[in-house]
Amino acid sequence: PQLQTEPISVVARLVRMSYYVERRVAINLARYDLNRGEFEVLAVLTRNPEENITPKILQTKILITSGGLSNRIRKLEEKGLLVRLSDPNDRRGVILKATEKGKEITLQAVTSHVEVERQIASGLSPEEQRELASLLKRLILQQQQSLNLNGLR
């Protein structure tokens with residue numbers, strides 16, 4: 001009886017909403033023969049066409065392990081959506097670039113992705129969306145700080 005259960009409903013609803021968002025995003029990206037991880041890689045490369053993006057740089061931008069990233073790169077390369085170029089500053093290194101096909105698919109996917117996100121948030125007014133975004137940001141920053149203080153990442 002003395003347990004405060006209000007946080008349970010908050011966390012449970014965040015988890016459920018996360019599931020719905022992931023499903024909607026996955027369904028949308030499947031139209032382009034992409035999954036979320038592949039889309040993230042292509043989005044970084046497409047947004048930064050003039051930068052020499054190495055796997056290490058990409059890894060820090062999308063917060064993924066090197067093993068997971070290698071698999072994404074391989075699949076995107078097999079689909080003809082990205083290429084590995086020799087890094088002029090590191091003979092053993094590579095620079096990743098989206099192909100023209102990769103850029104085209106990314107631009108199409110990002111347009112529909114934004115529409116999916118608009119639909120997801122459409123149940124709230126613009127003011128409510130801003131308020132919810134602000135509240136979620138506070139929770140996220142609190143969790144990041146807590147994990148960093150405890151040596152977890």
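# A walk through the helices and the hairpin

Start by selecting E38, which has its place in helix α2 (residues 36–47). Helices here are DSSP runs of H or I with at least four residues, strands are runs of E with at least two, and both are numbered from the N terminus. A word on the model before going further: it is predicted, so local features need pLDDT of at least 70 and side-chain atom pairs count only at pLDDT 80 or more, while totals for chains, interfaces and linings use all residues. Residues are numbered from 1 along each chain as its sequence is written, and side-chain values use heavy atoms, with hydrogens and water left out.

**Stop 1: around E38**

Is E38 buried or exposed? E38 counts as buried because its relative accessibility is 3%; the cut-offs are under 20% relative accessible area for buried, over 50% for exposed and partly exposed in between, with a 1.4 Å probe and protein chains only. Now show its surroundings: E38 touches D33, R72, K75, L76 and K79, leaving out residues up to four places away in sequence. Contact here means heavy atoms within 4.5 Å.

Click on D33 next, in the loop between α1 and α2. Its phi is near 55 degrees, a positive value in a residue other than glycine. For background, most residues other than glycine have a negative phi.

**Stop 2: α2 against α4**

Select α2 together with helix α4 (residues 66–78); the two pack at an angle of about 80 degrees, with their axes 10 Å apart. Axes are lines fitted to C-alpha atoms, for helices over the stretch in contact, and angles run from 0 to 180 degrees between N-to-C directions. The pair is therefore roughly perpendicular, a label for angles of 65 to 115 degrees; under 35 counts as roughly parallel, over 145 as roughly antiparallel and the rest as oblique.

Which residues meet here? On the α2 side they are G37, E38, E40, V41 and L42, and on the α4 side L69, R72, K75 and L76. By class, this contact has four nonpolar, one polar and four charged residues. In that count Ala, Val, Leu, Ile, Met, Phe, Trp, Tyr, Cys and Pro are nonpolar, Asp, Glu, Lys and Arg are charged, and the others, Gly among them, are polar.

While α4 is on screen, pick out E78 in that helix. E78 is exposed, with a relative accessible area of 59%. Draw a C-alpha to C-alpha distance from E78 to E104: they are 26 residues apart in sequence and 16 Å apart in space.

**Stop 3: α2 against α5**

Keep α2 and bring in α5 (100–121). The axes of α2 and α5 come within 10 Å and cross at roughly 110 degrees, which means that this pair is also roughly perpendicular. From α2, F39, L42, A43 and T46 meet G102, K103, T106, L107, A109, V110 and H113 in α5. The residues of this contact divide into six nonpolar, four polar and one charged.

**Stop 4: N28 in α1**

Move to N28, found in helix α1 (residues 6–30). With 3% relative accessibility, N28 counts as buried. Beyond residues up to four places away in sequence, N28 touches A109, S112, H113 and V116. Its side chain is also joined to that of R31 by a polar contact of 2.8 Å; such a contact is a pair of N or O atoms within 3.5 Å where, within protein, one must be able to donate a hydrogen and the other to accept it, and residues adjacent in sequence count only if both atoms are side-chain atoms. From N28 to E115 the C-alpha atoms are 9.9 Å apart in space, with the two positions 87 residues apart in sequence numbering.

**Stop 5: the hairpin and T54**

Select strand β1 (residues 82–87) and strand β2 (residues 90–98), which run antiparallel and are joined by six bridges; strands pair if DSSP finds at least two bridges between them. Together they form a hairpin with two residues between the strands. Along the pair, D87 stands opposite D90, and S86 stands opposite V94.

Now add T54, in the loop between α2 and α3 (55–62). T54 counts as buried at 16% relative accessibility. Leaving aside neighbours within four places in sequence, T54 is in contact with D87, V94 and L96.

**Last stop: G123**

Finish at G123, in the loop between α5 and α6 (126–149). G123 is exposed, with a relative accessible area of 69%. G123 and L139 are 16 residues apart in sequence and 21 Å apart in space, C-alpha to C-alpha.
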